[in-house]
Amino acid sequence: MAEVDVVVVGAGLAGLAAARKLIEAGKSVLVLEARDRVGGRTEGAFLDNGVAVELGGQWIGPAHTELLALVAELGLETFLTYDTGDAITHRDGHLIRYADESFGLPEESLMALGGMLEAIGELAESVDASAPWTSPGAANLDRLTLDSWLSSQTDDEVALKFMRLLVPALFSAETSEMSLLHFLFYLKSNAGLDSLVATTGGAQEARVVGGTHLISERMAQLLADRVQLNAIVTSIDCHANHVGVSYIGGEVTCQDVIVALPPTLAGRLRYQPALPSLRDALTQQIPAGSVIKFQVAYSEPFWRNENLNGFALSMDEPFNVVLDNSPNDGSCGVLVGFLEGHFARTAATLTPSERATMVVGSLVKYFGEQAAHPLQIVERDWMAEEFTRGCYGGRLAPGVWTQYGPALAEPIGHIHWAGAETSSISNGYMDGAVRSGYRAAQEIIEGTQS
């Protein structure tokens, strides 16, 4: 039976980042990954023309400092997301072009939205991102769904419809599926709503040349045979003087374990002794978002000829968030878009061909007949991925933060938790995943030194 200091379960960004920190501290490490690849919720693919696209997480913003440092350390490069020209809002069958921050909304709705966003910003500032359940008025904030709070703030239907479009674009979940406290925490963790929705200067500012999956692949190359693929972990058994980790095909003993899985998947492992009820109940209440991601390729980024930046939002269509995802050299055009929340769950019942028809039909409405004949469409249904079961991350419904929040990242004996959902900074993003891996590794290092 193999023996190491630390076993890391999951070879996504969090697990691999943790493993590197532990090795730097002199620990022996084994990373067990259920898939036949590393990267977790980042995944790369190639179009038929050889252009790299990202099937999972892809954007990096200026606030993602730990991730940017890691990218540079690994010898990777970034390039700016195309953001020149007008954006489009599709509403009531009409296209509205805009080049400001209005999202093409009518003035009265923009005023109503501004009032809501101002109140949201003030509330978010009051949240303690390191312990949301201790925030002033946390119990009241956690009793409400985000949707019920929004409805209490305005009766402007356009402003409400815009927020019910924007929130799924961030969470792949509906405003009725999360608590107000969770929404506010997420904003505080990610430098505010303006940063989350912006391209230049915001969370969508840059991409990695060749794809973000290269970050994990470069880390895995450095870890070499310390990463074992196709190793589906089934149980973690904590004994008096060691921990046993069983996986299909083997078993390994260690002193500490880092479980770097989405909380809902972490809850599916068998633990002996059983986890405290608070932690176990928590994992049952953090479902992943529902999203199908599409890359739609054309011979050229033709929308740029019309001075459009490729960004489109629709208040009418299921395929309602689109951005320019063309390669940096402009050798072809690529539009990336999403079916999210209830639209994704509905579309998952369709065939790939039916979904492609839906997607192209929407793009024609946004960008005209040139969008009718793509060279290729690549989709990834993250809900169907066995070892992910949804993206972008987990969400907390009313009552979960205040009742179970302390159990999210708190170690249990020699079991430590990592993953983007456990980070108080950049929660839900690749930067948050890396930060969580560093934190979990440091817990073990400091525990050994104490």
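## Exercises: cavities, a helix and a loop residue

The largest cavity is lined by Leu170, Phe171, His182, Tyr186, Tyr392, Gly393, Gly394, Glu421, Asn427 and Gly428. The elements giving two or more residues to this lining are H6 and H7. The model is predicted: local features need pLDDT of at least 70, side-chain atom pairs count only at pLDDT 80 or more, and totals for chains, interfaces and linings use all residues. Residues are numbered from 1 along each chain as its sequence is written, and side-chain values use heavy atoms, with hydrogens and water left out.

**Exercise 1.** Find the cavities of 30 Å³ or more in the whole structure and describe their linings.

*Solution.*
- Step 1. Set the criterion: on a 1 Å grid over the protein atoms alone, a cavity is a set of points where a 1.4 Å probe fits but cannot get out, and lining residues have an atom within 4 Å of a point. Points are joined across faces, edges and corners, and the volume is the space filled by probe spheres set on them.
- Step 2. Search. The result is 2 cavities.
- Step 3. Take volumes. The largest holds about 80 Å³; the second largest, about 40 Å³.
- Step 4. Classify the largest cavity's lining: 4 nonpolar, 5 polar and 1 charged. Here Ala, Val, Leu, Ile, Met, Phe, Trp, Tyr, Cys and Pro count as nonpolar, Asp, Glu, Lys and Arg as charged, and the others, Gly among them, as polar.
- Step 5. Repeat for the second largest. His182, Phe185, Ile286, Gly394, Leu396, Trp401, Leu408, Glu421 and Asn427 line it. They divide into 5 nonpolar, 3 polar and 1 charged.

**Exercise 2.** Check the span of helix H1 (residues 13-24), then its burial.

*Solution.*
- Step 1. Helices are DSSP runs (H or I, at least four residues), numbered from the N terminus.
- Step 2. The expected span is 1.5 Å times one less than the number of residues. H1 has 12 residues, so 16 Å is expected; its end C-alpha atoms lie 17 Å apart, which agrees.
- Step 3. Count buried residues (under 20% relative accessible area, 1.4 Å probe, protein chains only). The count is 9 of 12, including Leu13, Arg20 and Leu22.
- Step 4. Look past the end. Gly26 follows H1, with a positive phi near 90 degrees.

**Exercise 3.** Is Glu177 buried or exposed, and what does Glu177 contact?

*Solution.*
- Step 1. Locate Glu177: the loop between helix H6 (157-171) and helix H7 (180-189).
- Step 2. Its relative accessibility is 19%, so Glu177 counts as buried.
- Step 3. List contacts (heavy atoms within 4.5 Å). Leaving aside neighbours within four places in sequence, Glu177 touches Arg345, Arg395 and Ala397.
- Step 4. Check the side chain. One of its polar atoms lies 2.7 Å from the backbone nitrogen of Glu174.

Definitions and conventions: Buried means under 20% relative accessible area, exposed over 50%, partly exposed in between (1.4 Å probe, protein chains only). A polar contact is a pair of N or O atoms within 3.5 Å; within protein, one must be able to donate a hydrogen and the other to accept it, and residues adjacent in sequence count only if both atoms are side-chain atoms. On a 1 Å grid over the protein atoms alone, a cavity is a set of points where a 1.4 Å probe fits but cannot get out, and a pocket is an open set with protein on both sides within 12 Å along at least five of seven lines; lining residues have an atom within 4 Å of a point.
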